[in-house]
Each structure stands twice: as C-alpha cells, then as structure tokens.
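I opened a new notebook page to look up how two chains sit against each other, and to check one helix on the way. These entries follow the order in which I looked.

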Amino acid sequence: MSENNTSKQKEPLFSHRNQRLLSNPLGKDNPITVQVLGICSVLAITVQLRTSLVMAISVVAVMGLANVIISVLRKTIPPRIRIIVQLTVIASLVILVDQLLKAYIYDVSRQLSVFVGLIITNCIIMGRLEAFALNNKPWPSFLDGVGNAAGYGVVLLTVGFFRELLGSGTLLGYPVIPNFLYDLGYENNGFMILPPMALITVGIIIWVHRHRDRNLVDIS
Amino acid sequence: MEDLVSIFVRAIFIDNMVFAYFLGMCSYLAVSRTVNTSVGLGFAVIFVLGITVPINYLLENYILGRGALAWLGPRFASIDLSFLTFIMFIAIIAAMVQLVEMIIEKVSPTLYNTLGIFLPLIAVNCAILGGSLFMQERNFMNIAEAASFGLGSGVGFFLAIVGIAAIREKIRYSAVPAPLRGLGITFIITGLMGIGFMSFMGIEL
C-alpha cells in the first residue's frame, strides 16, 4: 500500500490517507447508517431543512474542535479520568455553540430547544474522541472529526430535505411545490412531520445505502 | 397527588422518551438484541433518571437559575448562572452514575451483576441528560413533580426497549430483505411502534 513510502518523509497535508479520513465517513463508514452512533438528534430536529442545517454545522464545529483539543492533550490526560475530561471539553464547546445560536439566530435556537445541549451526549463525538483523537496527531484528528460530523450532517440534511418537502411542501421555508399540483388535488403529507416518520425515513436511507453497498449487509 | 400521577403517566405514554423525542436511541439500538440485557438496561435507566432529575431540579432552582442564589443574601439575587447548566448537569450525572454504581455494588451484588456494564454506559445516554433538560423546560412546581417526571420517563424507556427487544428476538426468524436486516428493520419497527404510541396523544389527564 502507499502508506509505507509516505511514512518516512513528512506527510503532506492532504495525503491519500488524510483524504480517506475525510471521505470514508461520508460513505462506507457513515456514523449513522453504519456505525449507528448519534441517532437521537437526527430524528428529532429534522422536521425542517433549516434546523437540520444549523444542527449539522454546530456538530461539525464542536466535533472538529473537540477532536483537536483532545488530540493535543492526549499525552497529558490520565487514562483513568479521560471520560470526564472529554465530557468537560465537549460541554464547554457546546456552551459556546449554544450561546452563539442564542445570540444570532434565536428562533432556530428555540426550535432546537434541548437538542443543542444534547450534542454533549451525542455518541459520535465521544466515540471518535475515544477511538481516534486519543491516539492520533491533531491534524488527522481534525479531519476525522470533520469527516464524521459531515457524514452525520449528510444524513441529517437528507432526512430534513424529504421531511420538509413531503411534509410541508417547502424547502428552507420557501414553497417549492407548484400551485397547480395543489389544484390537481395534491396534498402535503402531514404524517411526515410527526416523529415516527423520521425513524422510517432513516430506515429507508439505510436500506438504500446497504442495497448499493452489499458489503454492509448485516448477516447475523 | 393527582398531579403526580398525571405527570407520571404523561411521561410514560404521551411524552415517551424514545418514541416522542428519540432520546437514548444509541443504547436503545445497541442493547436491544435480547430481552434479558434490555431489561437490565431499562432498570438502570429508571434508577438513574429517578435520582438525577430531582437532584438537577434542586441544582437548577437553588444554584443555577436566574435569582436562584437569593437564599445566600440579597447581594446574590441578581446573579444568573444558567449558562453553566450543561456542564453542571453532565457533571452531576457522571458523578451520580459513579455513586450509584458504588452503592449498588456494596448493597446488592446481585442487582450489580444484572446491571453490570450498563451503569457506566448510562452517563452518556442522551435520555438521562435529556430528562434533566426537559425538566428545566417544563418548570415543575416542586421536587416531587420532578421526581415523578424522572421516574415516568425511565419507565417509558424501559417499556420501549423491552418491547423492541422482544420483537427483534422474533424477527430473526423472518425473511427480511437482506439490506434491511438488523438496523434498517429495527428503525422501521420503531417507527411503527411510535405510530402506535401516538394514539395516546390527546388524552387529557
């Protein structure tokens, strides 16, 4: 593999390995559909595309920074108390995000309600800190964090897109379904706005994803 | 007293942690392969929610909220520490989980063995932090209401996880399309269960 000859000299910023860190979570290592982490928030805040977008950006920010901080501190953190250190770092970053959201986009912050706080217990973040940032240099950790958060964001946006389109007939708050369709008798599916449809939408996304990539099929 | 019962029942059926707010989904999906383990996790969640929600209620009302420090004297009445909520709640939860684990280990080794590995996992279960954050949003009148909300949420989670585990044990023998096996079908079943639980909506208590 190409990893052997790059290990000697200084690795370029976007080496093949680092690119994979960024791109794998978008597809075959997707944190939601494959690793099953961080499901809670995917479902609750995807009624509209706008809230999904804000949430995705918040998670990318928190995760990238948390991974860098833990990775920088990885040699000084005593292993016995690492979980509480990780929680403290994440919680501080989430407080920052929460205050920023409250200051600049108050209405979205109200809609997200407790789910901003719940980024703290989003298992993707803890999972990546444990599995990657504790053993790797800051730059790869940053890429890994951003990549995983982006993989999470992609699913979030897909679910948000379909739920808002089918449920309210709008995207980002703008009506997109042309009026003549309503005249012909088309109606918004109010069911898509209700909580259970989020689960079923994610179920279908997983179905499509695994159908296209047969290696992921659960054989147990 | 009626209020307490009504809050309890609402928390179990109408505002169910799993089906209405999707909290605790990670452990819900990961630990629901067999009924036995899911019962263990369910009890641990009831236990920890029943303890942390009232404690965080006290924290919120006597230390963190706007004007909550007034009992220290008039000088402190204007202090608002609510921006510290997240970090304090998660610290309390982590500490309580540790404490509960030690107490159970001392008092009842059998219960400790049943709950086993699930107790430490609970510190990062979103249902626990979510319970405390919802408690903060609902503005309960006193600590008994907060406690009954915490217990009710725990029982709701217990019902959900034991239900899905029972279905997953059966579905292993069914011909599910290959890409849907495991995770996919679990999501769809949870959705259907959620639709079932929606029928409790609109019940006035």
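Entry one, a helix of chain B. I began with α10(B) in this predicted model, and I found that this helix is mostly covered, with 13 of its 16 residues buried. I then checked its length: α10 of chain B runs over residues 183-198, and at 1.5 Å a residue its 16 residues should span 22 Å, which agrees with the 22 Å between its end C-alpha atoms.

Entry two, the contact between the chains. How many residues of chain A are in contact with chain B? I noted 44 residues of chain A, in contact with 40 residues of chain B. The area buried between chain A and chain B came to about 3500 Å², and I wrote down that carbon and sulfur atoms give 83% of that area.

Entry three, charged and polar pairs. I looked for salt bridges between chain A and chain B and the count was 1, formed by the side chains of Arg110(A) and Glu137(B), at 4.0 Å from N to O. For residue pairs in polar contact between the two chains, taking both residues at pLDDT 80 or more, the count was 0.

Entry four, the side of chain A that touches chain B. Which elements of chain A give two or more residues to this side? I listed α3 (39-44), α5 (82-104), α7 (114-117), α8 (123-131) and α11 (195-212), and the largest share, 11 residues, comes from α11(A). Sorted by class, this side of chain A has 28 nonpolar, 11 polar and 5 charged residues.

Technical notes:
Residues numbered from 1 in each chain as written. Chains lettered and ligands numbered in written order. Predicted model: local features only at pLDDT ≥ 70, side-chain atom pairs only at ≥ 80, totals over all residues. Heavy atoms only, no water. Contact = heavy atoms within 4.5 Å. Buried area = accessible area lost by both parts, 1.4 Å probe. Polar contact = N/O pair within 3.5 Å; in protein donor to acceptor, adjacent residues only side chain to side chain. Nonpolar A, V, L, I, M, F, W, Y, C, P; charged D, E, K, R; others polar. Expected span 1.5 Å × (residues − 1). Buried < 20%, exposed > 50% of the residue type's maximum accessible area, 1.4 Å probe, protein only.
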